[in-house]
Amino acid sequence: STGTIFYISPEQIEGEPVDQRSDIYSLGINAFEMVTGKRPFPEDNLWELKKLHLNMDIPDPAELLPNLPEGMRRFILKASCRKPSERYQNVKQALKDLQPLTEKYGRAQQELLPVREQKITNIFLTYAKDNQLKISKLLDRFRTKARELGIKTKIADFHDI
């Protein structure tokens, strides 16, 4: 598999055989960016960026985000190891290390529906400003009924449309 140069594994750059450990590397780089808001190698020159992926370990994300949970820090650093042999060898190993984080900071796995069973419906309401109170009450009743049915709701206001 191939990816963008910002997330590509060293073995892909060198044209070596790849397996799921290459995807795990990309996942680690993505996780670094998601938690810190920055790419581990912010270089835009593609040649220099390739050299960084080949020759440099990613920076410790805790240097940018001191409150980063230790488990997430370890996951990012292990997933992003330059040598495939030092990374998680498969997704199951990575998930095993992430599970305690899910239990502490996220939803328990049993609460999550398999992706193929989840459905999403968008509802867009266009209304006059003087109906705001009526809409708010309607949405509160809708949310209450949806919660009773086990449905999660997210509501966003778009003021500038």
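The following paragraphs go through the predicted model from its overall make-up to single residues.

In this predicted model, local features need pLDDT of at least 70 and side-chain atom pairs count only at pLDDT 80 or more, while totals for chains, interfaces and linings use all residues. Residues are numbered from 1 along each chain as its sequence is written, and side-chain values use heavy atoms, with hydrogens and water left out.

The predictor's confidence in each residue is given as pLDDT, from 0 to 100. For the protein the mean pLDDT is 86, and 86% of the residues reach 70 or more. The protein has 7 helices and 0 strands, where helices (H or I, at least four residues) and strands (E, at least two) are DSSP runs numbered from the N terminus. The order of elements from the N terminus is therefore α-α-α-α-α-α-α. Among these elements, helix α5 (residues 70–79) has the highest mean pLDDT, 96, and α6 the lowest, 88.

Of the 161 residues, 23% are buried. Buried means under 20% relative accessible area, exposed means over 50%, and partly exposed lies in between (1.4 Å probe, protein chains only). The protein exposes about 12200 Å², of which carbon and sulfur atoms supply 54%. Accessible areas come from the Shrake-Rupley method with a 1.4 Å probe, and for residues only the protein chains shown count as cover. A contact means heavy atoms within 4.5 Å. Among contacts in the protein with a separation of 6 or more, 52% are between residues 24 or more positions apart.

Charged pairs come next. Side chains of opposite charge can pair when their charged atoms come close. The structure holds 10 salt bridges, each being a side-chain nitrogen of Lys or Arg within 4 Å of a carboxyl oxygen of Asp or Glu. One of them is between the side chains of Glu11 and Arg87, at 2.7 Å from N to O. Glu11 lies in helix α1 (residues 10–13) and Arg87 in the loop between α5 and α6, so this pair ties together parts that are 76 residues apart in sequence. Both Glu11 and Arg87 are buried.

Another salt bridge joins the side chains of Asp60 and Arg73, also at 2.7 Å from N to O. This pair links distant parts of the chain: Asp60 is in the loop between α3 (46–55) and α4 (61–64), whereas Arg73 is in helix α5, 13 residues apart.

A further salt bridge, between Arg143 and Asp140, has an N to O distance of 3.6 Å. Both residues lie in helix α7, 3 residues apart, about one turn of the helix. Arg143 is partly exposed at 28% relative accessibility, and Asp140 is partly exposed with a relative accessible area of 41%. Elsewhere, salt bridges that share partners join Asp60, Glu70, Arg73 and Arg74 into one network. Leaving aside neighbours within four places in sequence, Arg143 is in contact with Thr153 and Ile155. The C-alpha atoms of Arg143 and Ile155 are separated by 9.4 Å, and the two residues are 12 residues apart along the chain.

Two residues in the loop between α5 and α6 are Ser80 and Tyr88. Ser80 is buried, with a relative accessible area of 3%. Not counting residues up to four places away in sequence, Ser80 touches Tyr25, Gly28, Ile29 and Ile58. A polar atom of the Ser80 side chain lies 3.4 Å from the backbone nitrogen of Ile29.

Tyr88 is buried as well, with a relative accessible area of 2%. Outside its neighbours within four places in sequence, the contacts of Tyr88 are Arg21, Ile24, Arg74, Phe75, Lys78, Ala79, Gln93, Ala94 and Asp97. The C-alpha atoms of Tyr88 and Phe75 are 8.9 Å apart, with their positions 13 residues apart in sequence. The side chains of Tyr88 and Asp97 are joined by a polar contact of 2.8 Å. A polar contact is a pair of N or O atoms within 3.5 Å; within protein, one must be able to donate a hydrogen and the other to accept it, and residues adjacent in sequence count only if both atoms are side-chain atoms.

On the surface, Ile123, Leu125, Tyr127 and Phe142 make a nonpolar patch of about 380 Å². Patches are made of residues with over 30% relative accessible area and no salt bridge, with like charges joined within 9 Å and nonpolar side chains (Val, Leu, Ile, Met, Phe, Trp, Tyr) within 5 Å. Leu125 sits in the loop between α6 (91–105) and α7 (132–148), and is partly exposed with a relative accessible area of 43%.
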